[in-house]
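Biologist: Hi, I'm new to this one. Could you walk me through it?

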Amino acid sequence: MADTLQNPNPNNISAYYQTRAAHHGVVTSDWLAQAQAAVGRHPDDVLPPEPEVKVAGKPFSVIHEFNNWRNQPDLAEAVAAIRALAAVIRNSEATTMMELEIELKKASDSLKSWDTTSISLTAGCDLFMRYVTRTSALEYEDFNSAKSRLIERAEKFGEISYKARRIIAMLSQDFIFDGCTILVHGFSRVVLEVLKTAAQNKKLFRVFCTEGRPDRTGLRLSNELAKLDVPVKLLIDSAVAYSMDEVDMVFVGADGVVESGGIINMMGTYQIALVAHSMDKPVYVAAESYKFARLYPLDQKDMAPALRPIDFGVPIPSKVEVETSARDYTPPQYLTLLFTDLGVLTPSVVSDELIQLYL
Amino acid sequence: MEARRGWRAVPKVRHVGFFTPNEPPPPARTQSGPPDSNSPPLSNSPAGNSLSPVMIPPPRHLSDNLAHRATSPLPVPETSAFRRPIPGGDRVAVVGSYNPTDSMLGASPPLTSPSSRIGDGEFSEESSPGWFRRSNSAKFASSFPGGGFDLTSIKSSETLEVEVKKPVEVPGPNIAEKSGVAGAELQTESQSSSKPLKAKTTKAERRALQESQRAAKAAAKGEATGKPAISSEGAATSKPVKQQPSRKKDALPAATSVAASDRKGVDRPPEKERKKEVPPPRMQFDDKNRVEKAKKRAVVNQTEARNRVELFRHLPQYERGSQLPDLESKFFLLDPMHPAVYKVGLQYLAGDISGGNARCIAMLQAFQEVIKDYSTPPEKSLTRDLTAKVGSYVSFLIECRPLSMSMGNAIRFLKNRIAKLPLSLSESEAKESLCSDINRFINEKIVLADKVIVRHAASKVRDGDVLLTYGSSCVVEMILLYAHELGKQFRVVIVDSRPKLEGQALLRRLVAKGLNCTYTHINAVSYIMHEVTRVFLGASSVLSNGTVYSRVGTACVAMVAHAFRVPVLICCEAYKFHERVQLDSICSNELGDPDAIAKASGRMDVNYVDNLANKENLQLLNLMYDATPLEYISMIVTDYGMIPPTSVPVIVREYRREHLWI
């Protein structure tokens, strides 16, 4: 296994969205084969998550570790990264704090460069670094105790991130009332957790799912919800405004939460937020706190591009251009509340949190 | 402001906005009505206005004051005439004061109008004693100065006693007696001090008098709770008279104490009326009290401008042209002023240094010189003495030009550092530490901060962008040059405005470096905005509610950009953030030279307003700053990164808390 796994990124395709698509499992077999060939191994392989400590050469590869974690569909990528970085500290052979920090930084950089388009990955790594190294434990004279303190914090951060979903699900229960209609866009595991918890609490509600082309997230989500006996209705993406009258609230996840309080999410979120805002429907975002990124897009084109090939099912003439961006930016004025593991926040608080953490 | 106002009886008419000054005061209502009718004439009398900031007298012309003062008729003889006790206490006598046909009313307008011209809204020289017919003497406040005697002719100490005698005017037949009594006393007073009668009292004395009167009023009101009974019409005849002397005595010490404290410059409302005392953060220039006080301490001789716009009377405005030569001539004479500070003050006055950063740096460097040359006087502590010195220098600089918020923050930092000096340091060590603190402040908060801002903001410039900027901000200039150095392809639109035309210098410098520039005036900003992709603006300060306080015209540009959905980026160092909140551009601003807008430089033929400047119904307003609400702002670029405008209080909180000042 190569030390640094080359990002299987021909044509600038976002690996993040490939992964997500893989997790969705509702992909054409052709595409999957293509992805597998690019990645170089079968995605069903689940490697045992044990650190391999070798004597010669680079004993421990953070990417390796990361991939171990990443293969569990339920685990968010950023959490996998955080766990990988925690493992880095554990397995580090450094003897001084500086050395350890440098090692961490290198590992974090390599993780980030693995997929530059994934905001939550970058954000998660950055936040981990800040959270862990911000402790006064670094002033301990005994290196080992400092290191163990760091490991403690890293594990804690990993735990928080892992449990974030459950916390968010608990917080959002108050907002789902009996008889409400929820519009959901994209397949966010956090939102799914929210709806699952609501269903388990015997709340009566129904869900409108957008189809979510080209990933067909709506199909997957409706599958899951049908298993929970929640009434689901599928809409094509263009039918959102048509159905917005009946909707009580909009629930979306986020790929990243930016400093202005806006979110970056699957393509189509901005549209839905605009329609909801003009019809005075609240838009709720369920996002873990490690997704807070230090970005500040001024408009849609101000972000790093993340492209995603779209399969139309019929051949497209080569002269025709296709907009293949996989995500868009929703400005904060169209969002009502953010459900995070830090609590229920308004969009302007994101910057507050980031400032407190970073500065 | 509440503290000073204390109580108020009748809502005063305040002319806001543009109106013709020196209108003859509305004719006083005849006093033939029931005695306890309110006396709106008083309220309308411009001469009767007290010092409440809301009650703004029509603008007076100081030059007119001086002329009129010499020629104002001495009202005293006439007053005494009116006050002559009239036997029988019949209505006629009363009416003598109130006599509608009598020259009292007829005379009062001419009396009040010269008085109204004397001293900016000082006490009215003349008013009928009978005008105090009110149930509550508390209502007298502003009308009181007109209370039956000539204030100008009596020294303040004497007026105290006189004034004290007049706390309650009882309506009804008793008035004649009372006023007679009072008048008699007055007369004796005035006759006893015949010399001072002729002399004009200074504004300070008159003010002190008014304050004491008001204080006595309230004190008297406080003491005699049975006042309404007393002051009601059917009161016993002897009682009011008897009570009056006793009340006088009681009120006297209160009045003297009030006056004494007032003379010290502390404006204390009577105990009863005192509300939560909040010192006003900035000097309000419509309050004559403080203006006078400040003037006495002033180093710079300035004459207040004429034709001031009513809405902005709380801001200082002085006649231009006379200050600089005056200060220059005094350069070597002013001992208490350090030459470096003096020099910086002159530069501010002349407009040589402008721009928040430049002014702040110049001031801090001047203070460094001060500290280097400083030596602790014997028997004094360094921290306190130096702080006092810095304070006095700051007042001088304020006189030259009002402080910008960046300067205010820097001064606060300096005073904080001085206060935090450990006592164990020797003088030279302390001085060194202070100088190095100042250097660090300048370096970290301004120079390095600018570098960080430039880096962040340049990342927002893409190839093919059209960037718009307004006026000349040093940070924005740095951003544009840096982005150009990075090789980004963009062009710049510079929007400029009269009268300062600051954009021209920026244009020259950018073109010299090879940038593609377009230059236009602000009246074309909506025309050109459709091709703009980003707007970069500088700021003098950013307030806690996200409002950006910047050069006048910025709000306009930001609003148009918002309408065209163009993102607006404010570039501002974090040391300029302030915890104040401002909702409009009026409550705090700076007034520039009005002549600058009357003339178009270089165009001799455009002088339509020249001869009109002295007309009474033309007022020129040259504002320097305005406030941009946060809805128009997309992002603020600071040395702490790019933040949304809602996060300004977070930065203020986080970094002030940590004594961020290094």
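Modeller: Happy to; we can take the chains, a pocket and one residue in turn. This is a predicted model, where local features need pLDDT of at least 70, side-chain atom pairs count only at pLDDT 80 or more, and totals for chains, interfaces and linings use all residues. Residues are numbered from 1 along each chain as its sequence is written, chains are lettered from A and ligands numbered from 1 in the order in which they are written, and side-chain values use heavy atoms, with hydrogens and water left out.

Biologist: How many helices and strands are in chain A?

Modeller: Chain A has twelve helices and ten strands. Helices are DSSP runs of H or I of at least four residues, strands are runs of E of at least two, and both are numbered from the N terminus.

Biologist: And chain B?

Modeller: Chain B has 25 helices and ten strands.

Biologist: What share of each chain is buried?

Modeller: In chain A, 54% of the 359 residues count as buried; in chain B, 55% of the 662 residues do. Buried means under 20% relative accessible area, exposed over 50%, and partly exposed in between, with a 1.4 Å probe and protein chains only.

Biologist: What's the average pLDDT of chain A?

Modeller: The average is 81 for chain A, and 81% of its residues score at least 70. pLDDT is the predictor's confidence in each residue, from 0 to 100. Over residues 26–30 of chain A, pLDDT stays under 50, and the model has seven contacts there beyond four places in sequence. Contact means heavy atoms within 4.5 Å.

Biologist: Switching topic: which residues lie nearest the centre of the second largest pocket?

Modeller: A:Leu298, A:Pro331, A:Gln333, B:Ile633 and B:Ser634, out of 29 lining residues. A pocket here is an open set of points on a 1 Å grid over the protein atoms alone, where a 1.4 Å probe fits, with protein on both sides within 12 Å along at least five of seven lines; lining residues have an atom within 4 Å of a point.

Biologist: What classes make up the lining of the second largest pocket?

Modeller: The lining has 16 nonpolar, eight polar and five charged residues. Ala, Val, Leu, Ile, Met, Phe, Trp, Tyr, Cys and Pro count as nonpolar, Asp, Glu, Lys and Arg as charged, and the others, Gly among them, as polar.

Biologist: Last one: why does B:Val532 count as buried?

Modeller: Because its relative accessibility is 6%. B:Val532 sits in the loop between α22 (525–528) and β4 (534–538) of chain B. Beyond neighbours within four places in sequence, B:Val532 contacts B:Val466, B:Leu468 and B:Val566.
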